[in-house]
Amino acid sequence: MRFLVACALAMGLLLFAFGCTAQEEKEFNAALMQGIQQEAVKGVKNATGGLVDLGGSAPKGECRFDSDCASVCEGNVFWKRGCDAQTDKCVKTFDTDCSAQVTAFGEDSFPKLCTTSGCVDDSDSIHARKEELVSQANDYSAAMQQTTELRQVAAKNCISALADVTDKLIIDTALSFGRLPRSTTSIYSMTTKQTVNTLGKAASGGSGKMSAEEFISLNCNAIKALDSDYALISKKRDLVMAQAKLYEGK
């Protein structure tokens, strides 16, 4: 290195003594800088036994910037992470409890779920609840239709003449009342349920057999009970349908 500098000084003195053109001076300076750079690299090789990256390579750690660190979920807690400049490792910074955030549809609410992109709606649970409400509304509609049909049967039996009450009529009526939808049986009045049981026993014969007068009276009383049942079922269906409407598009 010192030899190269000495040579450069000597050449400079010669050029100064004998003079040179501008082009020659430019070429000399370029050659001088190239020689200095080459000698510098050789010096580094000799000192370290190999090449050294003088440009400042990236750290060997996990990260260099916050953007290198992906967010994570621990249970339903969303953690934002950043890069620790001291260790070049990703560390947790800010947390969000996704379950504390809810998506509400009227009286229904659903805690959000944690994903690596943040807190999101629990789409599966929301869709399942929507399907449940639609199913309930359909069940109530079916019950209303069945109740209307039973009322027509009871009204016809209520005005029947005593002579028209046969064992076959009792059995057919018992079968009709026995088709009450199981999914909505619990909302029917006690009078309607007792009518179903009494008719069932009468149809089976034995000690449960009833007279024509009892049969007609039973049907007349059933009309009022079925009217009340219909009104209650209709109200419940309207409430369910209103709730289901909130889920449109989900």
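Buried means under 20% relative accessible area, exposed means over 50%, and partly exposed lies in between (1.4 Å probe, protein chains only). The legends below describe a predicted model, in which local features need pLDDT of at least 70, side-chain atom pairs count only at pLDDT 80 or more, and totals for chains, interfaces and linings use all residues. Residues are numbered from 1 along each chain as its sequence is written, and side-chain values use heavy atoms, with hydrogens and water left out.

**View 1. A salt bridge joins Glu74 and Lys92.** A salt bridge is a side-chain nitrogen of Lys or Arg within 4 Å of a carboxyl oxygen of Asp or Glu. Here the N to O distance is 2.9 Å. Lys92 is partly exposed, at 43% relative accessibility. Glu74 is partly exposed too, at 43%. Glu74 belongs to strand 1 and Lys92 to strand 3, so the pair ties together parts that are 18 residues apart in sequence. Strands (E, at least two residues) and helices (H or I, at least four) are DSSP runs, numbered from the N terminus.

**View 2. Three strands make an open, antiparallel sheet.** The strand order is 1-2-3. Strand 1 (72-74) and strand 3 are the edge strands, and each pairs on one side only. Two strands pair if DSSP finds at least two bridges between them. The twist averages 40° from one strand to the next. Angles run from 0 to 180 degrees between N-to-C directions, and axes are lines fitted to C-alpha atoms, for helices over the stretch in contact. Strands 2 and 3 are joined by eight bridges. In one of these pairings, Arg81 has Lys92 in strand 3 as its bridge partner.

**View 3. Asp88 sits in the loop between strand 2 (77-84) and strand 3 (89-97).** Its phi is near 55°. That is a positive value in a residue other than glycine.

**View 4. Helix 5 crosses helix 6 (residues 212-245) at roughly 145°.** Their axes come within 8 Å. The crossing is left-handed: the near helix is turned anticlockwise from the far one by less than a right angle, whereas clockwise would make a crossing right-handed. From helix 5, Thr191, Thr192, Thr195, Thr198 and Leu199 take part in the contact. They meet Phe215, Leu218, Asn221, Ala222, Ala225, Leu226 and Asp229 of helix 6. By class, the contact has six nonpolar, five polar and one charged residues. Ala, Val, Leu, Ile, Met, Phe, Trp, Tyr, Cys and Pro count as nonpolar, Asp, Glu, Lys and Arg as charged, and the others, Gly among them, as polar.

**View 5. Thr191 lies in helix 5 (residues 190-203).** Thr191 touches Asn221 and Ala225, leaving aside residues up to four places away in sequence. Contact means heavy atoms within 4.5 Å. The C-alpha atoms of Thr191 and Leu226 are separated by 8.7 Å, with their positions 35 residues apart along the chain. Thr191 is partly exposed, at 36% relative accessible area.

**View 6. Lys168 and Asp172 form a salt bridge at 2.8 Å, N to O.** The two are four residues apart in helix 4 (residues 167-177), so about one helical turn separates them. Lys168 is exposed, at 58% relative accessible area. Asp172 is partly exposed, at 33%.

**View 7. Glu248 and Lys245 meet in a salt bridge.** The N to O distance is 3.3 Å. Both residues are exposed. Elsewhere, salt bridges that share partners join Asp108, Arg129 and Glu132 into one network. Seven salt bridges are found in the whole structure.
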